[in-house]
Structure formats: structure tokens, C-alpha cells
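Subject: Structure for you to look at

Dear colleague,

I am passing on the structure we spoke about, and below it you will find my notes on what turned up when I went through it. Please keep it open beside the text while you read.

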Amino acid sequence: MVRFDGVWFRYGRRTDWTLREVEASVEPGDTVVVLGRNGAGKSTLLQLAAGVLRPSRGLIKERPPVVGWVPERFPADQPFTAGDYLHRMAALRGVKAGDWIERLLLTEHTGTRLSDLSKGTAQKVGLAQALIARPGLLILDEPWEGLDSVARTLIPEIVAEVTASGGMVLVSDHRGEIDNLPKAIHWQVSDALVARAPAAPPTGEVIIEVKVRRAEAPQAVARLKAEGHQILDVRDVAAPQPHQASSGPGLTITPGASSGREGGAGS
Ligand SMILES: Nc1ncnc2c1ncn2[C@@H]1O[C@H](COP(=O)(O)OP(=O)(O)OP(=O)(O)O)[C@@H](O)[C@H]1O
């Protein structure tokens, strides 16, 4: 388990508290989804759990020995290739990186310098380094940002594997994708306080990603809206991703319906 025992945190001695009186715990096998508007303090809470930040007051207790932390942005300004970096990280932990390099489809990028990787590939390197030694606590800060659709489907799988073996997962999520996981607990960060939020009721809704030609995107969006669907995202697809069926450059539209998250996570 990981326990926040009367945790307070602020970034400077004279600044307002970012988090106050946090009393919360994560049990083995739990997935905790951290919700809150932009700037509410989600990343701060995750970094405290990871041990990257130390509480100004209070303690984080019973943190397991192996913690995997995937920051919102992988720090790619390091003088290694992706392969070098992952093999070194694995060696430090006395394990091999090969399985995760393959599973996250990083094999073709191992010779690329970290600073030359695309944002999504750098995120996958960040994910791989957090997983090479099986973490007792896995911390994912907005893990879907920048990931291609193949890698995005892996996240719920990975979360389920960690929790199935008694590990714990803390994840901040504003796209509602973690709803695919059963039994996720929700924490709401608001006004510097952390409260357990009621589980969102099942909505009976799904998210479908549709790829269209760029020029046809406005019409497609309008048609979907007219049919009563909600547009969650429109993304430029500059080049087809490997392992993805593709008919060339276009836009990916994610039409869905409200997932009942109004007032929920920001960012
Ligand atoms: N290193 C820092 N120094 C000073 N203030 C910071 C620092 N990092 C974050 N903050 C501030 O602390 C508050 C909480 O930030 P945090 O990144 O935890 O929020 P968040 O909920 O994760 O936001 P987002 O959804 O935008 O990522 C914000 O007001 C932010 O500006």
C-alpha cells in the first residue's frame, strides 16, 4: 500500500499550498485515477507518490521498493540513444529491457538519439523505463498524450497486468480512457484538497476513432455532430504509424458521447 499521511505541499515557502491535509491510501491491486482541472495539483500529487517531490509536511508511507514513474513529458535532453538509455536503465535494475522494447514497438528506434525522437516515441521510452523492473507502484501522468493508437491500447493492458500481480497504479487521465478498466477508484483534486470521488456510472458509450481526408474533416465533424455525437478530438495524422492500416495522411476524429466527466479532470 501507499499512504499519504497528513501530506501538505507547496512549491515555495511563501506560496499558497498546492495540496493540503492529504489523507489517502492506495491498496495492492488498486487503480486510482486522479482527476482535477488544469493546475489543480494532479502532477504534484503523483510526484509526491513517486518520491520525486517530498512533502512540505506529513509523510508518504509504505511506498513499495520499485516505483515506475512516467512523467507527463519524458525528459529527452539526455545524451543517449533510446536503446542505450533503456539498456542502461535495465542494467541498473539488474534486468533486461528487450521485452519492453519489442512490446512497445521501439525496436526500430533503438539507434535514435533521445532528443531526436518524436514526442510519442519518447513517451514510449518513458513508459518502457518505468516497466522494465516490474513496479510495485506504477505512476502514469497523462500517459495517452502523444501516443499512437496502438500504444494507447497497451496502457489499459499494462495497468491490468500490474494490478493483477498485486501492484498499484496511480494515473492522471483527462480523456476518459482509463474508464475501460474495471474497478478504478477516482480521486478528485480541487482547492488543494484530495477527495475520493464517486465512481462514474457506466455510460453505455464508446469512443470510436475515424480517419478521414483532411479536406473532408469539417463536413465529417458537422455530420457527426448533427447525428448527436460528441467530437472529443481532431488530430492531424501527418504520416501513417507502423502497424496501422492507413490510406495516407488525414485527420483522426474521435467521435463519442459524453462520458459523464463534466467537472472532472482537466489538462
Ligand atoms: N515546479 C513548480 N514550481 C512552482 N509551481 C509549480 C511547479 N510545478 C507546478 N506548479 C504549480 O502548482 C500547481 C499545480 O500544478 P500541477 O502540475 O500539479 O497541476 P495539474 O493538475 O497536474 O495540471 P495539468 O492538468 O495542467 O497538468 C499549478 O498552479 C502549477 O502552476
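To begin with a question, how many bridges join strand β8 (residues 185–190) to β9, and do these strands run parallel or antiparallel? Five bridges join β8 to β9, and the two strands run antiparallel. Within this pair, H186 stands opposite A197 in β9. Please bear in mind throughout that this is a predicted model.

The overall picture

The chain holds six helices and twelve strands, and of its 267 residues 33% are buried. If you take the contacts between residues at least 6 apart in sequence, 73% of them join residues that are at least 24 apart.

The sheet

Six of the strands form an open sheet, which follows the order β5-β6-β7-β3-β8-β9 and has mixed pairing. Its edge strands are β5 and β9 (193–197), each of which pairs on one side only, and from one strand to the next the twist averages 20°.

At the β5 edge, four bridges join β5 to strand β6 (residues 137–141), and these two strands run parallel, with V67 standing opposite L137 in β6. In a regular strand the side chains alternate between the two faces of the sheet. With that in mind, look at strand β5 (residues 67–70), where V67 and W69 lie on one side and G68 and V70 on the other. These four residues are all buried, so that both faces of β5 are covered.

The helices on the sheet

Returning to β8 and β9, which are joined by five bridges, we can now turn to what packs on the sheet they belong to. Helix α4 packs on this sheet, where α4 touches β5 and β6, and the direction of α4 makes about 175° with that of β5. Helix α5 (residues 149–164) also packs on the sheet, touching β3 (31–35), β6 and β7 (168–172), and the direction of α5 makes about 150° with that of β7.

Two helices against each other

The axes of α2 and helix α4 (residues 119–131) come within 9 Å of each other and cross at roughly 15°. Because of that angle, α2 counts as roughly parallel to α4. The crossing of α2 and α4 is right-handed. In this contact A82, Y85, L86 and M89 of α2 meet V125, A128 and Q129 of α4, and the contact residues divide into six nonpolar, one polar and no charged.

Two loop residues

Lastly, it is worth setting two loop residues side by side. P79 is found in the loop between β5 and α2 (82–92), whereas D148 is found in the loop between β6 and α5. Which of the two descriptions, buried or exposed, applies to P79? P79 counts as exposed, because 9 C-beta neighbours lie inside 10 Å of it, and a residue with 12 or fewer falls in that class. D148, on the other hand, is buried, because 20 other C-beta atoms lie within 10 Å, and 20 is where the buried class starts.

Each of these residues also has a partner from another part of the chain that you can locate in the model. The C-alpha atoms of P79 and S115 are separated by 7.9 Å, although the two residues are 36 residues apart along the chain. Likewise, D148 and G120 are 28 residues apart along the chain, and their C-alpha atoms are separated by 6.8 Å.

With best wishes

Key: Residues are numbered from 1 along each chain as its sequence is written. This is a predicted model: local features need pLDDT of at least 70, side-chain atom pairs count only at pLDDT 80 or more; totals for chains, interfaces and linings use all residues. Two strands pair if DSSP finds at least two bridges between them. Axes are lines fitted to C-alpha atoms, for helices over the stretch in contact, and angles run from 0 to 180 degrees between N-to-C directions. Angles under 35 degrees count as roughly parallel, over 145 as roughly antiparallel, 65 to 115 as roughly perpendicular and the rest as oblique. A crossing is left-handed if the near helix is turned anticlockwise from the far one by less than a right angle, and right-handed if clockwise. Two residues are in contact if their C-beta atoms, placed from the backbone, lie within 7 Å. Ala, Val, Leu, Ile, Met, Phe, Trp, Tyr, Cys and Pro count as nonpolar, Asp, Glu, Lys and Arg as charged, and the others, Gly among them, as polar.
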